[in-house]
Amino acid sequence: MKKIFILLTSLICSIGSIWAQESETNTSLIITATKKFNQRFSAMGYVENRVYDFFSRQKTFIVGLEGGYRFVPSVKADVGYYCMTLRNKTRHRLITGVTGDMKRGAFTLSWRERFQYSFNPNEPILRSRIQGKYKIADTSLSPFTGIELHNDFSKAFAFNHVRYNLGCEYSLSKSSALSLSYSFRDYRQAANLHLLSLTYKLSL
């Protein structure tokens, strides 16, 4: 299992190195901590440090807090606040959305609609994401893939960009997991972005 995870890590890093010459490449280290208070209410803390070109230059530092309410086992609503520091400038963001999950055996399909409003400059965006995740039997690995569309409300719901995601989650224990992912962001009218992310998830 560990050999598979290491191989996937090497493959994603190799892809990122090749494409870095054609567009911008960022690397993110992320930590999330989630606390479930009961069957319905939960909270999540988020910290991300993003850098240019494989740790060569600092880009963005993000901290956030979300609250979630589960209407039924398969549908959850959330609200949250994020503070982003970019080149010594601070930007604030509010989010709200709904996520629905459908499980069939080892496969989980999720659909999320999220509205985010970023300040300075003001930017209202609707993010629509579909993601599939599969738990490999007799292993701690769960590969996933998805696509997310961003549409700008301030420009008559015009297309902003699309994100293609691919990754794998490795369960360390019942309360923690490590996730490695690659995201290609196609901005069409701007430079594309390749993002490699390593995420540590903790359940409190």
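Here is an informal walk through this predicted model, from its strand pairs to its core and its surface.

Before we start, some ground rules: residues are numbered from 1 along each chain as its sequence is written, and because the model is predicted, local features need pLDDT of at least 70 and side-chain atom pairs count only at pLDDT 80 or more, while totals for chains, interfaces and linings use all residues. Side-chain values use heavy atoms, with hydrogens and water left out.

Let's begin with strands, which are DSSP runs of E with at least two residues, numbered from the N terminus. S4 (residues 75-86) and S5 (residues 89-104) pair in the antiparallel sense over twelve bridges; two strands count as paired if DSSP finds at least two bridges between them. Within this pair, Asp 78 sits opposite Gly 97 in S5. The two strands form a hairpin with two residues between them, and Arg 87 in the turn has a positive phi of about 50°.

Carry on along the chain to the pairing of S5 with S6, again antiparallel and over twelve bridges. Here Val 98 has Glu 113 in S6 as its bridge partner. This hairpin has two residues between the strands, and Gly 105 takes a positive phi near 65°.

Now for the inside. The largest nonpolar core has seven residues: Ile 30, Met 44, Tyr 46, Ile 62, Tyr 82, Met 84 and Ile 95. A core here is a set of buried Ala, Val, Leu, Ile, Met, Phe, Trp, Tyr and Cys residues joined through side-chain atoms within 4.5 Å. Strand S2 (41-52) and S4 each supply at least two of the core residues.

Take Ile 62, found in strand S3 (residues 57-72). Ile 62 counts as buried because its relative accessible area is 8%; the cut-offs are under 20% for buried, over 50% for exposed and partly exposed in between, with a 1.4 Å probe and protein chains only. Its contacts (heavy atoms within 4.5 Å) include Tyr 46, Tyr 82 and Met 84, not counting residues up to four places away in sequence. The C-alpha atoms of Ile 62 and Val 47 are separated by 5.7 Å, although the two are 15 residues apart along the chain. From the other side of that contact list, Tyr 46 touches Ile 30, Ile 62 and Tyr 82, among others, leaving aside neighbours within four places in sequence.

Out on the surface, a nonpolar patch of about 970 Å² is made by residues including Met 102, Trp 111, Ile 136 and Phe 159. Patches are made of residues with over 30% relative accessible area and no salt bridge; like charges are joined within 9 Å, and nonpolar side chains (Val, Leu, Ile, Met, Phe, Trp, Tyr) within 5 Å. S6 gives the largest share of the patch, three residues. Phe 159, in strand S9, is partly exposed because its relative accessibility is 38%.

Finally, have a look at the loops. Between S6 and S7 you'll find Pro 121, and the peptide bond from Asn 120 to Pro 121 is cis, with omega near 5°. In the loop between S7 and S8 lies Asp 138, a residue other than glycine with a positive phi, near 60°. Asp 138 is exposed, at 81% relative accessibility. Ala 156, in the loop between S8 and S9, also has a positive phi, near 55°, and is exposed at 74%.

Terms used
Areas by Shrake-Rupley, 256 points an atom, 1.4 Å probe, with all protein chains shown as cover. Salt bridge = Lys/Arg side-chain N within 4 Å of Asp/Glu carboxyl O. Helix = DSSP H or I, 4+ residues; strand = E, 2+ residues; numbered from the N terminus.
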